[in-house]
Structures are given as structure tokens and as C-alpha cells.
Amino acid sequence: METRKICIVTSTRADWGLLSGVAKGLRDSDNVDVRIIATNMHLEEKYGMTVSEIEEDGFEVDARVPMPAASDSPLDTALATAECLAGIARAFDRIKPDMLLILGDRYEMLAVATAATIMRIPIAHIAGGEISEGAIDDNIRHALTKLSSLHFTATEAYRNRVISMGEDRRKVFNTGALGVYNIEHDPVVSKEALEEFIGMTIGANTLLVTLHPATCDPVPVGERCQALLDALDTFRHNKIVFTYPNNDPQGAVIIDRINDYARRNPGRVAVVPSLGRARYLSLLRYIAAVVGNSSSGIVEVPSLRIPTVDIGIRQRGRIAASSVIHCEPDADSIRDAILFALSPAGKRIAFETENPYYKPDTLKRIIDVLTTVDLADMEAKHFVDPYPILNLPVE
């Protein structure tokens, strides 16, 4: 079989954590030449310069596309996205991939997919069909679906939603979620190594907290973050590990507040810009609960049999296990949700839950399709009407 050049574009610690297994599987395939482009948060010192994690996984980064932004305002974010589109187009022109693989719903991926569409590079997309009504990511995810020719969804309901958008059902595959697959197959980092990295002891009373801006929320992000911090003040006997939000508009507000909170609570609170995939998934094995509004709390965390407190509207619409406790974004509601998560009843529900995102062969299913799909069949898209066209009389 002729070698195909598949380019993977990654922009955050989170998406590389999911894509790295796919990249390794493709690299081990006989007919694939894997190329990696890193952009956005991977190239920012503030977020840990996580491009190094790609290299530590044994990959050469074929292109680095920075997204300089004067601030995290919506205007500067849009301007940085334009810079990304230009840089990605130049990288594609040099690499000349046969196929592009992207994941998720972030604004920079819309720039990536736009460049690929204009340059007639077929796109394979992971994690389409999902809903997260509280962020602009929701619209971007659906736009990426319409720009892509091949789709890997995390549940059958999401597969059906992609098909309902006019996509060819022969090219839409329910593979389960990569993050859940990683939990069962990644090596576990020891508790001692985690504590050394975090700089604080951890244990069964520890909460892992990640709050991202809910970019469709009319209430300022600072108020939402303060409500969370006020709720956490109730749990003075619980250790807290914060991770940074993504660099979405107004993310810097959250970073400033959690760093200030850690300074005021030495020994009890730690802030880590990026744990990385292995440390993040391992930390989940040693703690009491996850708190915040990250998709990981809904998709991956239930497989570790611990509760998730999902705050506010950011993830509204996602399918969730019974261990996910949804709450309003005010201090009292967050406090009550955490109290339930830490209660015997909350722990029992988490222990007994089934994760709707689990499939045993996620990685193999994705690799098999990417290595065998007819590239010529991906070149032209056709809208497949999911419902019969009604020939109504013209009035």
C-alpha cells in the first residue's frame, strides 16, 4: 500500500494527551508518514511550553506556528487566530500532507481546518457531534464537522448527530473516547512522584480543580471564579490542586485569582500550569473528586470511580455519567455539590457508575480507519440529506 502522509495539528496539553496515542499508532503503521504541527498553548512559556511533551514522546515537531496575542480579549484572540491560519497554511504548503487529523472544538482548530479546506487537504476530525452550550467551542465544533470528511465520535448519540448534519454515515465512526482508553492503557505515575512535581502532599481528601472561562456566560468570569473560591473556603481540611485554564478569552483572570488564592493558603493549595497526560490521569487515582467545568471531568473521570462537580453552563448538553454532579455557578450551589460528592452517597454513586464514553478498542478502530480509508473518496464532500426531501407544491 502506498505511504500516506498524515499531519496532526495539536495546540494544547489536553489535545496532545489524547492524540499522542494515535500518533504513536500511526507511526508504527507500515504505510503512514506522520507529521506534527504544534501551535498556540504548546509554544507559550506561561502554560509550560508543552511542545516539549511532544518531543519527549519521541516525535519531531515539523512546524511550530505561534499565535502571539497582546491579551486574552476577544479581539486579540481573533487576531491571533488569523495569525494561526497564515502560519498553518505556510506549514501545509511545505509539508504537503495527504490528510489532516484534528481533535475537538477550539478556535485555533477552526483556523487550521479553514487552511486545509482552501488547500484541498482532507480532514479527519475526532470528537464531533458533542454539545457544550456554555462556550463558543460548541459552534466551532459543528463548523469543524462540516469542514471534515471523516469523523470519529465518542458515543453513538454523537455519531447520529453528525450524520444528521448531512455527513456520510459510511464515514462516521463511533469509537468511544480516547481519554477513557488512555486511562486503561497508560502507565501510572507514583503518588510520591506526583507530590514532588506538585510541591504538596496529596491524598484521599484532595480536590483537583480546573475552571475555564464559559465564553457564552453573560456574567464576568471573575465573579464565577470568586464564587468557586468562596465555596472552596468551606473545605479547609481538603487539599486543593488547581490546574490552569486554557487560553480562552479572560482566562488570565482565572489564573491571577487562583495564584492569589494559593499564596493565601500555603501548604493547602497548589497551582500547576500543566500536569501533562500521565500525571493528570495518575493524580485522579489518588484524590477525592474533580471540581470545575472541564470536559475531562465528564468524559474521563467517571472511569476512575470518583465524583465530578460540573459547574455552570460550559459543558451543558454533554452526555454524562451518574457520577457527574451538575450545579449552578454560585458559591452555595458549588459548596452543596462538593459536599454531596464527598459524602458516602456521592462516593457510592461514583463507584457504581458506568462511563458512556467507554469502548475497549478505541485506538485500534481509529488507526484502522486512518490507515485504510480511500483518500480519493475523501477529496470531495457531498451533503447527505438525513431525511427524505418533500416535493411540496409551489404556491
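## Cys225 and its surroundings

Let's start with Cys225, which touches Leu211, Ile254, Arg257 and Ile258 once residues up to four places away in sequence are set aside. This is a predicted model, so everything here is read from computed coordinates. Cys225 sits in helix H9, and its relative accessibility is 1%, so it counts as buried, the limit being under 20%. Along the chain, Cys225 and Ala331 are 106 residues apart, yet their C-alpha atoms are separated by 9.5 Å.

## Helix H13

What does the residue count of helix H13 predict for its span, and how far apart are its end C-alpha atoms? H13 covers residues 331–342, and at 1.5 Å a residue its twelve residues should span 16 Å. The end C-alpha atoms are 17 Å apart, which agrees. The buried residues in H13 are Ile334, Ala337, Ile338 and Ala341. Looking down the helix axis, you find these buried residues within an arc of 100°, so they line one face of H13.

And what does that face pack against? The buried residues of H13 meet four strands and two helices: E8 (207–210), E11 (289–292), E12 (308–311) and E13 (324–327) on the strand side, with H9 (221–232) and H14 (344–352) as the helices. H9 is also the helix where Cys225 is found.

## Two nonpolar cores

As background, nonpolar side chains in soluble globular proteins tend to be buried together. Here the largest nonpolar core has 34 residues, and the members that touch the most others are Val22, Leu26, Leu101, Ile126 and Leu370. Leu370 makes a good example: beyond its neighbours within four places in sequence, Leu370 is in contact with Arg4, Ile6, Val22, Leu26, Met99, Leu101, Ala124, Leu150 and Phe152. Another core lies apart from that one, with 33 residues that include Val209, Cys225, Ala262 and Ala288.

## The largest cavity

How many cavities of 30 Å³ or more does a search of the whole structure find? The search turns up three. The largest cavity has a volume of about 890 Å³, and 48 residues line it. Closest to its centre are Ala14, Asp15, Leu18, Ser295 and Ser296.

Several elements give two or more residues to this lining: H1, H5 (137–147), H7 (178–185), H11 and H12 (295–299) among the helices, plus strands E6 (150–153) and E8. H1 gives the most, with five residues.

## The largest pocket, and Ser20

Now for the open space. The largest pocket comes to about 400 Å³. It is lined by 23 residues, and those closest to the pocket centre are Glu53, Glu56, Gly276, Arg277 and Arg279. Helices H1 (13–27), H2 (51–56) and H11 (277–283) each supply at least two lining residues. H1 has the largest share of the pocket lining, at five residues.

H1 is also home to Ser20. With a relative accessible area of 1%, Ser20 is buried, because that value falls under 20%. Leaving out neighbours within four places in sequence, Ser20 is in contact with Asp57 and Arg277. Arg277 is one of the residues closest to the centre of the largest pocket.

## Ala80 in helix H3

Ala80 belongs to helix H3, which covers residues 74–95. Is Ala80 buried or exposed? At 3% relative accessibility, Ala80 counts as buried. Setting aside residues up to four places away in sequence, Ala80 touches Met67, Pro68 and Ala69. For Ala80 and Lys146, 66 residues apart along the chain, the C-alpha separation is 23 Å.

## Two positive phi angles

A couple of loop residues are worth a look for their backbone. Ala127 has a phi near 85°, a positive value in a residue other than glycine. Ala127 is in the loop that joins strand E5 (123–126) and H5, and its 16% relative accessibility is under the 20% limit, so it counts as buried.

Arg305 also has a positive phi, near 65°, and it too is a residue other than glycine. You'll find Arg305 in the loop between H12 and E12. Where does Arg305 stand on accessibility? Its relative accessible area is 41%, so Arg305 is partly exposed.

How values were computed:
Residues numbered from 1 in each chain as written. Predicted model: local features only at pLDDT ≥ 70, side-chain atom pairs only at ≥ 80, totals over all residues. Heavy atoms only, no water. Expected span 1.5 Å × (residues − 1). Buried < 20%, exposed > 50% of the residue type's maximum accessible area, 1.4 Å probe, protein only. Arc of directions from axis to C-beta. Contact = heavy atoms within 4.5 Å. Core = buried A, V, L, I, M, F, W, Y, C linked by side-chain atoms within 4.5 Å. 1 Å grid on protein atoms, 1.4 Å probe; cavity = no way out; pocket = protein on both sides within 12 Å on 5 of 7 lines; lining within 4 Å. Points joined across faces, edges and corners; volume = space filled by probe spheres on them.
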